[in-house]
Structure formats: C-alpha cells, structure tokens
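Thank you all for coming; I would like to take a few minutes to walk through one structure with you, slowly, and I will pose some questions as I go. Please have a look at it first.

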Amino acid sequence: MIKALALALPLLALSACATPETRVRTALIDAGLPRSIATCMAQRMVDRLSIGQLQRLSHLSGLNERTIGQMTVREFIRKADALGDPQILTVVTTAGLGCAIAS
C-alpha cells in the first residue's frame, strides 16, 4: 500500500502542473479532433479565451461518441457554436480553419 502511494504521489503532482495549453489540447483530442489539429488549435486558443471559456469548451469532450481523430473541425465548430458564446465561436473557428489549412 505504501509503495503504491509513493508511486502515485509524483504522478498526481505532475498532473497538477499541466499547463492550460496541455489541458486544452487533451480536451480537443478527447472531443475527437486529430492530435495534430488539436495541438495547433490549443496553441492558438489559450491566449484568446478566458479560463472559464476554456472550461466550457472542455465540456464538449463528453459529446463525442467516436474514436479519437474522427471529428472534423467543422463538426467541432458546430458544437462550439451551441455554447452560445460569440467569442468562443470566433476563436474556435479561426483556430480550427487556420490549423486545418496548415496541416
């Protein structure tokens, strides 16, 4: 038991240090976007959205019933639009289109 706890504590400490960009990237991947596009979008979005907006966006990950890498940027934009926040929609759209073109 003590060994398991000793191994788990460093992992918990590392997870607490995750940057907002890492969290956003993970949420985008969990939502079903391809890893390369999720990485690109996360870089563009973290500086343009508030923590609260990023948290709202992270809830979209629970809406995906597909496997990772199976959601298109267009589908993700449509889901982001359902949040009803014009700034989120603008940032997601510009980041998504820019990253889709770049990849």
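Of the contacts in the chain with a separation of 6 or more, what percentage comes from residues 24 or more positions apart? Such residues account for 62% of those contacts. Please keep in mind throughout that what we are looking at is a predicted model.

Let me begin with the overall layout. The chain has six helices and zero strands, so that, if you read from the N terminus on, the elements run α-α-α-α-α-α; the chain has 103 residues, and buried residues make up 32% of them.

Now to the disulfide. A disulfide, as a reminder, is a covalent bond between the sulfur atoms of two cysteines. How many does this model have? The count comes to one disulfide, and it is formed by C40 and C99, whose sulfur atoms are 2.0 Å apart. These two cysteines link distant parts of the chain, since C40 belongs to helix 3, residues 35-45, and C99 to helix 6, residues 86-102, with their positions 59 residues apart in the count. Is this disulfide left-handed or right-handed? The torsion about the S-S bond of C40 and C99 is about -80 degrees, and therefore the disulfide is left-handed. Are the two cysteines buried or exposed? With buried meaning under 20% relative accessible area, C40 counts as buried because its relative accessibility is 16%, and C99 counts as buried because its value is 1%.

The two helices that carry these cysteines also pack against each other. The axes of helix 3 and helix 6 come within 9 Å and cross at roughly 135 degrees, and helix 3 and helix 6 are therefore oblique to each other, in a crossing that is right-handed. Helix 3 brings I37, C40, M41, R44 and M45 to this contact, while helix 6 brings V91, V92, T94, A95, G96, G98, C99 and A100, and you will notice that both cysteines of the disulfide are in that list. When the residues of the contact of helix 3 with helix 6 are sorted by class, there are nine nonpolar, three polar and one charged.

Helix 3 has a further partner, which is helix 2. Helix 2 and helix 3 pack at an angle of about 140 degrees, with their axes 8 Å apart; they are therefore oblique to each other, and helix 2 passes helix 3 in a right-handed crossing. Which residues make this contact? On helix 2 they are E21, V24, R25, L28 and I29, and on helix 3 they are R35, A38, T39, M41, A42, Q43 and M45. By class, the contact of helix 2 with helix 3 has seven nonpolar, two polar and three charged residues.

Helix 6 likewise meets helix 4, and the axes of helix 4 and helix 6 come within 11 Å and cross at roughly 70 degrees. Because of that angle, helix 4 is roughly perpendicular to helix 6. The contact is made by Q53, R56 and L57 of helix 4 together with Q87, I88 and V92 of helix 6, and these residues divide into three nonpolar, two polar and one charged.

Let me turn next to helix 5. Which of its residues are buried? They are V73, E75, F76, I77 and A80, and these buried residues pack against helix 2, helix 3, helix 4 and helix 6.

Finally, I would like to look at the loop between helix 5 and helix 6, where we find both L83 and D85. L83 is partly exposed, because its relative accessible area is 22%, whereas D85 counts as buried, because its relative accessibility is 15%. Setting aside residues up to four places away in sequence, L83 touches R56, L57, L60 and I88, and D85 touches Q53 and R56. How far apart are L83 and L57, in sequence and in space? They are 26 residues apart in sequence and 8.0 Å apart in space, taken from C-alpha to C-alpha.

That is where I will stop, and I am glad to take your questions.

Methods
Residues numbered from 1 in each chain as written. Predicted model: local features only at pLDDT ≥ 70, side-chain atom pairs only at ≥ 80, totals over all residues. Heavy atoms only, no water. Disulfide = S-S within 2.5 Å. Helix = DSSP H or I, 4+ residues; strand = E, 2+ residues; numbered from the N terminus. Buried < 20%, exposed > 50% of the residue type's maximum accessible area, 1.4 Å probe, protein only. Contact = heavy atoms within 4.5 Å. Axes fitted to C-alpha atoms, helices over the stretch in contact; angles between N-to-C directions. Parallel < 35°, antiparallel > 145°, perpendicular 65-115°, else oblique. Left-handed = near helix turned anticlockwise from the far one by under 90°. Nonpolar A, V, L, I, M, F, W, Y, C, P; charged D, E, K, R; others polar.
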